[in-house]
Every structure is written in structure tokens, then in C-alpha cells.
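Student: Hey, could you walk me through this one? I'm new to it.

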Amino acid sequence: MPEPALTLYQAEWCPFSSAVREVLTELGLDFVARQVEPWPEERERLRELGGNTLIPVLQTEDGELHRGTRAIFAHLRERDPWGFGAAHRRRFADHRDARESDTVGQLIEFFRGTDELEAADGSVDDAVVVDSPEANRYELRVGDRLVGLAAYRRRNGRIAFTHTEIDNKLEGHGLGSRLASEALADVKRQGLEVVPLCPFIAHYIDEHPEYEELLPAGYRTT
């Protein structure tokens, strides 16, 4: 039989829910996320469970309810942390640029099929990479069509790549590598450090160690 789990009644857009999820991660506590209806007057199930409709609500393994961040945090302070709490806090701080950017919105647009990328005829040799600082991204264009982008946040001599995307009809043709290569080469010319929050950029640097010198010390493997 599976062990009883913590249950968090929450919504992804709610900052209080987000704070609770981060603390649960720091403590290494598995939990079930229960989505609630968007408007309080619609949350009849939550009202029946706990007597009101406010979120977040944490239900412990034995059914006890803790309502709101103050009550939830008071309960969680009594829990024993695991050994990765400090490392998770550091990773959370490292990803500040991604959290403050529109990375989440871009990914959701990609899921919904409402992103601005377009398919285009042409090869890798036809693609051009341009920096678009007003949009905080490098753009990959074929003719007048935007077929890829590498979003970033720049400050204090560093550039944090937060998200890379290629039109899904053009994936697998080397366009992502072309975008990463030229963006990193431009960053190198500018003398900036690279924080690879985007998994694609991180993987590209792993596969091309000539760019590892751009990483801050804490990100280097050697």
C-alpha cells in the first residue's frame, strides 16, 4: 500500500501556493497538488473540506488541515528537513532571472499553440541569428520569419539564458544548435558570463566545452 501523502490545495498562479511548494521542496516532502477552481465562490469542494475557500490549504497524512501560509509554515517548521534543502535554496536563487522573466508565459504559449514562431522553408545555412535586446532574446530568422528564439536576462556582467525554442515543424534540423552557437559566440565577444538556466543551452555547453569558460565558477564541471 502506498504511504499517505501530504495534499496541497492550491493554484499555480497563487504566490502563496508557490511559496508553500518551495518550502515543501526544501524539506524534501512529497505531496499531491490538488487544483482548485479559479474563483472562491466556485470552490464548494474546498468549503466542504475545510469550512472556507481560501488557499493554500495543506492536509497532512492524518487528515489535519492547515489553512494559509502562516499556519502551514508553522506546521512545516516542526518537520525534519532532508539533506538537499540548502542546495535547493541555492538553485531557487540561481533561477531568479527565469522567475522574473516571461519564461513561464512563453512555455504556456508554446503548449497552447499561440506562440509567435513560424515555419519557413530553408536550411541551417539560410538562418540568421540576431540579438534583439529590446525583447531580451536572440532571434533565429529565415527570411522575414521568426523560427526560433533564445530568451535571456542580462545584468551585472552576466546573461542568464532562460528558454530556447524552435518552431516544432523545424526541430531536428540543427537550427537549435545554430542558434545556441551564435548566441554564445556573441556573448563571448562581449565578455559576459553565462548562466545556463535553459536546459538546451546547458546541454549545448556540455557538448561544446570551448564555451565552458563562460560559466561562473559554480557551474563549471572542471
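Tutor: Let's start with the overall build and then look at some single residues.

Student: Sure. Anything I should know about the model and the numbering?

Tutor: This is a predicted model, where local features need pLDDT of at least 70, side-chain atom pairs count only at pLDDT 80 or more, and totals for chains, interfaces and linings use all residues. Residues are numbered from 1 along each chain as its sequence is written, and side-chain values use heavy atoms, with hydrogens and water left out.

Student: How many helices and strands are there in the protein chain?

Tutor: The protein chain has eight helices and nine strands. These are DSSP runs numbered from the N terminus, with helices being H or I of at least four residues and strands being E of at least two.

Student: And is it compact or spread out?

Tutor: More spread out than a compact globule, because the radius of gyration is 22 Å, well over the 17 Å that the globule rule gives for 222 residues. That radius is taken over C-alpha atoms, and the rule is 2.2 Å times the number of residues to the power 0.38. The C-alpha trace spans about 60 × 40 × 35 Å along its principal axes.

Student: How much of the chain is buried?

Tutor: 40% of the 222 residues count as buried. Buried means under 20% relative accessible area, exposed over 50%, and partly exposed in between (1.4 Å probe, protein chains only).

Student: Switching topic: how many aromatic pairs are there?

Tutor: Five aromatic pairs. One of them is Tyr204 with Tyr211, a tilted pair at 6.3 Å centre to centre and 35 degrees between the planes. Rings of Phe, Tyr and Trp (its six-membered ring) pair if their centres lie within 6.5 Å; planes under 30 degrees apart are stacked, over 60 edge-to-face, and the rest tilted.

Student: Are Tyr204 and Tyr211 buried or exposed?

Tutor: Tyr204 is buried at 8% relative accessibility, and Tyr211 is buried too, at 9%.

Student: Which residues form an aromatic cluster?

Tutor: Tyr138, Tyr152 and Phe161 form one.

Student: Any odd backbone spots?

Tutor: In general, most residues other than glycine have a negative phi, and most peptide bonds are trans. Here the peptide bond from Ile55 to Pro56 is cis, and Pro56 sits in the loop between helix H2 (44-50) and strand E3 (57-59). Asn156 has a positive phi, near 50 degrees.

Student: Where is Asn156?

Tutor: Asn156 is in the loop between strand E7 (145-155) and strand E8 (158-166), and it counts as exposed at 76% relative accessibility.
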